[in-house]
Amino acid sequence: MSILSLMFIFVPLVVVFCGLWNFVSNRKHLLSVLLSLEFIMLGIFWVMVICLAKVGIEAYFTLFFLTMAACEGALGLSLLISIVRTHGNDCFSSFSTLQC
């Protein structure tokens with residue numbers, strides 16, 4: 001394998017692991033967690049496009065994946081809006097597990 005093809009696989013995997021690291025380590029605000037989830041989805045999409053392009057069936061599956069990622073983003077933003085309206089901010093420290 002050439003260096004370029006290894007780089008095309010290595011860079012998206014680094015993107016996914018950086019997103020996972022940010023998701024695990026930085027849990028102060030809900031918005032930063034949602035952004036790290038979208039960053040992970042972008043990296044997974046990049047890996048899927050590269051791997052499925054070699055097979056030749058990337059069009060429909062990647063469009064389905066993008067649709068699910070957009071639905072996940074919309075659901076996360078709607079939850080963020082409802083939490084900000086009820087609690088006033090998106091900090092995890094202000095949430096109480098005893099409240100409904």
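Colour the chain by pLDDT, the predictor's confidence in each residue, from 0 to 100: the mean over the protein is 82, and 91% of the residues reach 70 or more. The model is predicted, so local features need pLDDT of at least 70 and side-chain atom pairs count only at pLDDT 80 or more, while totals for chains, interfaces and linings use all residues. Residues are numbered from 1 along each chain as its sequence is written, and side-chain values use heavy atoms, with hydrogens and water left out.

Switch next to a cartoon view, where the protein shows three helices and zero strands, in the order α-α-α from the N terminus on; helices (H or I, at least four residues) and strands (E, at least two) are DSSP runs, numbered from the N terminus. Among these elements, α1 has the lowest mean pLDDT (83), and helix α3 (residues 58–87) has the highest (87).

Zoom out to see the whole chain, whose C-alpha atoms fill a box of roughly 55 × 25 × 15 Å along the principal axes. The radius of gyration, taken over C-alpha atoms, is 17 Å, whereas a compact globule of 100 residues would have a value near 13 Å by the rule of 2.2 Å times the number of residues to the power 0.38.

Now select S36 in helix α2 (residues 30–55). S36 is buried, with a relative accessible area of 2%; buried means under 20%, exposed over 50%, and partly exposed in between, with a 1.4 Å probe and protein chains only. Leaving out residues up to four places away in sequence, S36 touches G19, N22 and F23, where a contact means heavy atoms within 4.5 Å.

Stay on helix α2 and move to I44, which at 29% relative accessibility counts as partly exposed. With residues up to four places away again set aside, I44 touches V16 and F65. A distance label between the C-alpha atoms of I44 and V16 should read 6.6 Å, although these two residues are 28 apart along the chain.

Finish on helix α1 (residues 3–25) by selecting L13, a partly exposed residue with a relative accessible area of 34%. Add F17 and L20 to the selection, and the three residues show a nonpolar surface patch of about 270 Å². Patches are made of residues with over 30% relative accessible area and no salt bridge, with like charges joined within 9 Å and nonpolar side chains (Val, Leu, Ile, Met, Phe, Trp, Tyr) within 5 Å; a salt bridge is a side-chain nitrogen of Lys or Arg within 4 Å of a carboxyl oxygen of Asp or Glu. Accessible areas come from the Shrake-Rupley method with a 1.4 Å probe, and for residues only the protein chains shown count as cover.
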